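Open the model in your viewer and keep the selection box ready. We will go stop by stop, selecting as we go.

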Amino acid sequence: VGMPPAPPNVDFQYTIELQGRLTDPDQFANVIVKTGDNGQITRVRDVGRVELGAQTYSQTFKLDGKPAAGIGIFQLPGANALEVEKVVKAKMDELARAFPQGLVYSVPFDTTVFVNASIHEVYKTLIEAAVLVLIVILLFLQDWRAMLVPATTVPVTIIGAFAIMWALGFTVNFSTLFAIVLAIGIVVDDAIVVVEGAAHNIERGMSGHDAAIRAMNELFGPIVGITLVLMSVFLPAAFLPGLTG
């Protein structure tokens, strides 16, 4: 009896199935612990009780001083933590309807609370940054019409950024929100430079239309150049693997 590559005169191959490790309490109860001279057999169930217990007793889990079983749920790389939280809670609510009497579940530790708070802080930072920019422009240029330029460019930029993110399949997370905060700073800087250039030309006696065109003709190259320079600073990070890239 053999298996390929077999030597000569070995023509058959047989598959033998053996019972593996014991997994059921009844199987452990049938284990023979002693045999007598006259054929007596003593099994585990004859001297003790066999029951299914914990895999390890080095750890214990309690909730509010009551016995409990802890279940840790971790999201896969690239998964949305908030979506995972919603799906898990919906599934637990569904399973809870079939729980035996006296068994309840709770979520003692939820990391999405921190995620929600962080996202809220990012949104608040966006609003505060936009408002502070408008106040600074109003204070230094003393012209409310000049304030309307960044007041319109910031929302348009955010809408455009979210549209491109949606088209490319990016989700709203710490990395993308932080990138939007940085991008708003770049856009506002460019808008302030253009508004200041147009205001400077108006002071020279030019009309608003001509002053804006003159400012764009003079500042288009420098604005595009400085934006590309700022982008090049972050470009190497795009080649890093994983969430960092």
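Select G36. This glycine sits in the loop that runs between strand 1 and strand 2. Is G36 buried, partly exposed or exposed? With a relative accessibility of 29%, it counts as partly exposed. A note before you go on: this is a predicted model. Now add V233 to the selection and draw a C-alpha to C-alpha distance. G36 and V233 are 197 residues apart along the chain, and their C-alpha atoms are separated by 83 Å.

**The hairpin**

Show residues 32-35 and 41-43. These are strand 1 and strand 2, and they pair in the antiparallel sense over three bridges. Pick T35. Which residue of strand 2 stands opposite T35? The partner is I41. Five residues lie between the two strands of this hairpin. Among the hairpin's residues, select G39, where phi is positive, near 90°.

**A second positive phi**

Move to D64. Look in the loop between strand 3 (62-63) and strand 4. Most residues other than glycine have a negative phi. D64 is not a glycine, yet its phi is positive, at about 55°. Turn on the surface here. D64 counts as exposed because its relative accessibility, 73%, is over the 50% cut-off.

**The second largest pocket**

Select I71, I73, S106, V107 and P108. Of the 31 residues lining the second largest pocket, these lie nearest its centre. The volume of this pocket is about 1,200 Å³. Now colour by element. Strand 4 (66-67) and helix 3 each supply at least two residues of this lining. Which element gives the most to it? Helix 3 does, with seven residues. Colour the lining by residue type: 20 residues are nonpolar, seven polar and four charged.

**F114**

Jump to F114, in helix 4. Is F114 buried or exposed? F114 is exposed, at a relative accessible area of 56%. Add P7 and draw another distance. The two are 107 residues apart in sequence, and C-alpha to C-alpha they are 67 Å apart in space.

**The largest pocket**

Select F170, N173, S175, T176 and A179. They lie nearest the centre of the largest pocket, which is lined by 43 residues. Five elements each give two or more residues to that lining: helix 3 (81-96), helix 4 (112-141), helix 5 (144-168), helix 6 (174-203) and helix 7 (208-234). Helix 6 gives the most, with ten residues. What volume does the largest pocket have? The figure is about 1,700 Å³. By type, the lining holds 27 nonpolar, 14 polar and two charged residues.

Stay with T176, which belongs to helix 6. T176 is buried, since its relative accessible area of 12% falls under the 20% cut-off. Show its surroundings. Beyond its neighbours within four places in sequence, T176 is in contact with M165, F170 and T171. F170 is also one of the residues nearest the centre of the largest pocket. M165 is eleven residues away from T176 along the chain, with 8.6 Å between the C-alpha atoms.

**The largest nonpolar core**

Clear the view and select I137, V154, I180, I184 and V188. Within the largest nonpolar core, a set of 13 residues, these have the most contacts. Helix 4, helix 5 and helix 6 each give two or more residues to this core. Helix 5 gives the most, with five.

Centre on V154. Which residues does V154 contact, leaving aside its neighbours within four places in sequence? They are A130, I184 and V188. Two of the residues with the most contacts inside the core, I184 and V188, are therefore partners of V154 under the 4.5 Å contact cut-off.

**Last stop: M147**

Select M147, in helix 5. Not counting residues up to four places away in sequence, M147 touches L134, I137 and L138. I137 is already familiar as one of the core residues with the most contacts. Finally, add I192. M147 and I192 are 45 residues apart along the chain, while their C-alpha atoms are separated by 9.0 Å.

Key. Residues numbered from 1 in each chain as written. Predicted model: local features only at pLDDT ≥ 70, side-chain atom pairs only at ≥ 80, totals over all residues. Heavy atoms only, no water. 1 Å grid on protein atoms, 1.4 Å probe; cavity = no way out; pocket = protein on both sides within 12 Å on 5 of 7 lines; lining within 4 Å. Points joined across faces, edges and corners; volume = space filled by probe spheres on them. Helix = DSSP H or I, 4+ residues; strand = E, 2+ residues; numbered from the N terminus. Nonpolar A, V, L, I, M, F, W, Y, C, P; charged D, E, K, R; others polar. Core = buried A, V, L, I, M, F, W, Y, C linked by side-chain atoms within 4.5 Å. Buried < 20%, exposed > 50% of the residue type's maximum accessible area, 1.4 Å probe, protein only. Pairing = 2+ DSSP bridges.
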